[in-house]
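Student: I have this protein open on my screen and would like a close look at one part of it, the aromatic side chains and the elements around them. Could you start with a group of rings and then walk me outward from there?

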Amino acid sequence: MVAVSDGQRSGRPSTVVGAPVGHPLLSFALTAMMDAVGAHSGAVYLRRGDEPVLEMAVMAGLPRSFAAPWERVGLSAPVPVADAARERRLVWVGGEEHMARRYPRIAVVLPYPFALAALPVATGSTVYGAVFVTWPGSHPPELSDREREQLESACERLALRLERAAAENRPVRPETDPLATGAIGAAADALSTVEAARMVSRLPYGLCSLDLNGRLVFANAAAAELLGVPVSGLLGTPLWESVPWLNDPAYEERYRAALISQVATSFVALRPPSEWLSFRLYPSTNGLSVRVSRARAVSETRPAGRGQGDAPTRLVSMSQALSMSGALTETVSVQDVVRLVAEEIAPAVGSRALALLGARAGRLYVLGHHGYPDPRVVEQFDGMPLTTSAPGTHVVAHGVPAFFDSRQQLERLYPARRHAAPDGFAAWAYLPLIASGRSVGACVLAYPEPRAFSTHERAVLTSLAGLIAQAMDRALLYDAKHRLAHGLQAALLPPSLPVLPGIEASARYLPATRGMEIGGDFYDLVPSRPLPAAVIGDVQGHNVTAAGLMGQIRTAVRAYTAVGQEPAEVMRSTNRLLIDLGADLFASCLYLRLDPDRGRAVMARAGHPPPLLRRPDGRVRVLDLAGGPLLGIDGAAAYATTEVDLSPGCVLALYTDGLIESPGVDIEDAVIELGRRLGEAGDRPLEDLADGLVKHYAAAEERIDDVALLLLRARGDG
């Protein structure tokens with residue numbers, strides 16, 4: 001069944017033994033919850049064993065097909081029910097715009113005005129699943145306190161019932177969705193009285209009644225005449241199936257929009273050869289009433305969609321493709337692709353495990369895998385020659401998908417698999433990843449039971465492989481650029497800091513998360529004689545040009561230091577060099593000549609943020625002393641020098657502006673905050689202090705600038 005503990009577990013009941021719950025527990029709980037808060041649809045998800053997957057167990061108020069892309073979702077998926085279960089909190093989405101901001105993938109598939117609340121179904125130790133309920137777009141933008149209390153109480157009661165069922169070894173299984181349905185063809189029942197039915201039959205325009213699945217349960221004679229289909233041919237079928245010229249996703253879309261938003265909507269359609277009809281849809285929580293009449297005047301344009309003679313596209317497939325395509329466009333690295341396929345795509349198609357394979361230099365490589373009980377059964381293929389007879393190599397080499405309904409079929413075609421260690425699965429889909437006409441790898445989906453892959457399923461899986469291939473192609477290119485950027489950055493920065501008498505040093509560098517993740521920030525510690533030097537600087541830009549210029553400046557500073565130039569002259573020489581190079585880039589720089597024996601340092605500054613000096617008593621001073629302009633602006637610029645204290649126990653913090661610049665934060669306030677943290681933690685070991693000062697930036701998902709930090713502590717043992 002469903003229960004998974006977040007903490008210690010003992011004696012969790014089997015999912016297949018014991019008597020099942022004897023009444024529709026989930027349906028009763030869900031419909032009661034919806035009635036209590038006036039919601040018009042909802043669903044209960046249960047967590048599946050130890051897997052980080054939520055599966056829809058029952059849905060009410062709307063057809064399950066409306067939520068088809070999310071029938072099975074990973075716990076880490078960016079959807080409300082997953083967020084609610086993972087974070088154990090209520091998730092509220094107040095309308096169409098709110099949905100577009102927080103969950104853009106859902107907004108692409110369901111671009112309608114509605115509000116949604118998702119809540120965890122959990123006890124103190126166990127997450128059993130999650131619930132969502134929806135309201136029409138007319139719901140206020142905020143959830144009321146009463147609604148919140150009703151929903152939370154209902155979910156707590158449901159969690160306790162699930163806990164009791166688990167303790168009694170009674171599996172809770174998925175239930176039939178409680179959609180409101182009427183007796184097909186029972187016109188008198190649907191309209192309350194026979195006389196009402198007679199009245200409707202005399203009206204000059206068409207009237208139809210549709211249930212929540214879109215099936216006609218009533219149609220008057222005028223509707224049949226206008227549609228060109230007898231009443232007997234309409235009843236029990238959706239309009240877009242029984243009326244050939246309405247078989248267009250654009251018309252079914254209006255039905256979906258009306259049901260989800262609970263707002264009346266309309267459309268016009270052309271009945272061949274030349275008659276335009278108007279359809280007005282009036283929704284309620286148990287179906288729709290449709291008025292059909294002749295349109296007075298319509299522009300002679302067909303609705304967007306398929307051309308005449310094209311095969312119709314099913315909306316469920318369109319919704320799934322939109323959702324998955326949107327998700328794949330957000331991936332960046334190869335591991336992002338692996339994670340997304342594992343958490344969202346594989347669960348949606350019923351797969352329990354997957355492997356993504358690539359090829360390089362005539363060999364097969366495992367790019368990532370998920371779900372295999374023993375990872376070695378996948379990793380054994382890493383480095384396998386593409387000439388080896390194996391399904392993975394064949395698909396990568398030839399670009400043709402392969403589907404194996406059973407282990408017997410696989411071993412019959414590849415006898416060597418009979419001697420391989422079993423992977424615990426019974427059916428496989430090997431899908432080529434083709435991007436821009438070339439193979440970038442293969443996706444292997446594994447299933448726990450034998451599976452007869454239908455023609456439709458093979459087509460869907462092959463199409464999904466095309467989406468995965470495009471994401472994988474981008475990800476492989478990104479990873480290659482990422483390795484290049486980090487390799488170049490590592491080559492331009494010192495691999496380690498030299499040991500200096502009387503000085504303890506520590507440095508940190510964090511690249512920006514935009515561009516190529518390479519920048520112009522640099523630092524160095526020069527063990528020159530008679531006195532060593534320290535330098536930190538920042539070349540504008542986050543690209544290869546900035547990094548290359550940074551390397552030239554760092555080399556120049558070391559050279560000028562080695563020949564004995566004084567700090568002011570080092571800055572002047574570096575400034576002239578930058579202008580002579582004609583790079584059209586500026587750089588800030590801070591240079592110090594260190595004299596630990598005297599407990600002093602001479603500083604020259606070129607437009608760089610002021611260093612911080614922490615004294616042994618914990619007081620911190622901002623050394624905002626005289627300097628000169630940025631390097632590369634004025635060839636005649638002079639750079640004043642200042643002697644500062646570096647007595648034993650003092651700590652100098654040199655940093656670049658990435659450490660103090662944040663959107664909406666004043667730079668002076670940021671410098672003060674950095675000084676406060678330096679003062680509080682300055683007695684800690686220097687490595688720990690460096691980690692603490694950059695901790696916030698290291699954990700950030702997005703850094704608009706790179707960060708460099710160089711800490712110097714005078715030891716007094718020189």
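Tutor: Happy to. A good place to begin is a single aromatic cluster made up of Phe-66, Trp-240 and Tyr-255. Please keep in mind that this is a predicted model. Select those three residues on your screen, and then add Arg-256, which lies over the face of Phe-66 at 5.1 Å from the ring centre. An arginine over a ring turns up elsewhere too: Arg-360 lies over the face of Tyr-365, with 4.3 Å to the ring centre.

Now let us widen the view to ring pairs. Searching the whole structure gives ten aromatic pairs. One of them is formed by Phe-267 and Phe-279, whose ring centres are 4.9 Å apart and whose planes meet at 10 degrees, so this pair is stacked. The angle decides the label here, because planes under 30 degrees apart count as stacked. Phe-267 belongs to strand S10 (residues 265-271) and Phe-279 to strand S11 (residues 275-284), so the pair ties together parts that are twelve residues apart in sequence. Both Phe-267 and Phe-279 are buried.

Compare that with Phe-403 and Phe-453, an aromatic pair that is tilted, with 5.3 Å from centre to centre and 50 degrees between the planes. Phe-403 sits in strand S15 (residues 402-404), while Phe-453 is in the loop between strand S17 (438-447) and helix H17 (455-492), so this pair ties together parts that are 50 residues apart in sequence. Phe-403 is buried, and Phe-453 is buried as well.

Back in strand S10 you will also find Val-268. Val-268 has 35% relative accessibility, so it counts as partly exposed. Its C-alpha atom is separated by 9.5 Å from that of Val-292, a residue 24 positions away along the chain.

Strand S17, which we met beside the loop of Phe-453, leads us on to strand S13. S13 (residues 353-360) is mostly covered, with six of its eight residues buried. Five bridges join S13 to S17, and the two run antiparallel. To find your place in that pairing, look at Leu-356, which stands opposite Cys-443 in S17. S13 also pairs with strand S14 (residues 363-370), again in the antiparallel sense, over seven bridges. There, Ala-359 has Leu-364 of S14 as its bridge partner. S13 and S14 form a hairpin with two residues between them, and Ala-361 in the turn has a positive phi of about 55 degrees. The residue numbers place Arg-360 in S13 and Tyr-365 in S14, so the arginine over the tyrosine ring belongs to this hairpin.

Another set of strands is worth a visit while you are looking at sheets. Strand S20 (residues 533-539) is mostly covered: seven of its seven residues are buried. In a regular strand, side chains alternate between the two faces of the sheet. In S20, Ala-533, Val-535, Gly-537 and Val-539 point one way, Ala-534, Ile-536 and Asp-538 point the other way, and all are buried.

What does S20 pair with? Strand S19 (residues 520-526) is joined to S20 by seven bridges, and they run antiparallel. Asp-521 stands opposite Asp-538 of S20, and six residues lie between S19 and S20 in the hairpin they form. S20 also pairs with strand S21 (residues 587-595), in the antiparallel sense and over seven bridges. For that pairing, look for Val-539 opposite Ala-587 in S21.

Strand S21 also holds Asp-595. This aspartate has a relative accessible area of 10% and is buried. Leaving aside residues up to four places away in sequence, Asp-595 touches Leu-531 and Arg-600.

Finally, here is a helix pair to round off the tour. Helix H1 (residues 25-37) and helix H5 (residues 145-167) pack at an angle of about 170 degrees, with their axes 9 Å apart. That angle makes H1 roughly antiparallel to H5. On the H1 side, residues making the contact include Leu-25, Leu-26, Ala-29 and Met-33, and H5 contributes Leu-151, Ala-154, Cys-155 and Leu-158, among others.

How values were computed: Residues are numbered from 1 along each chain as its sequence is written. This is a predicted model: local features need pLDDT of at least 70, side-chain atom pairs count only at pLDDT 80 or more; totals for chains, interfaces and linings use all residues. Side-chain values use heavy atoms; hydrogens and water are left out. Rings of Phe, Tyr and Trp (its six-membered ring) pair if their centres lie within 6.5 Å; planes under 30 degrees apart count as stacked, over 60 as edge-to-face and the rest as tilted. Helices (H or I, at least four residues) and strands (E, at least two) are DSSP runs, numbered from the N terminus. Buried means under 20% relative accessible area, exposed over 50%, partly exposed in between (1.4 Å probe, protein chains only). A charge sits over a ring if NZ of Lys or CZ of Arg is within 6 Å of the ring centre and within 35 degrees of the ring normal. Two strands pair if DSSP finds at least two bridges between them. Axes are lines fitted to C-alpha atoms, for helices over the stretch in contact, and angles run from 0 to 180 degrees between N-to-C directions. Angles under 35 degrees count as roughly parallel, over 145 as roughly antiparallel, 65 to 115 as roughly perpendicular and the rest as oblique. Contact means heavy atoms within 4.5 Å.
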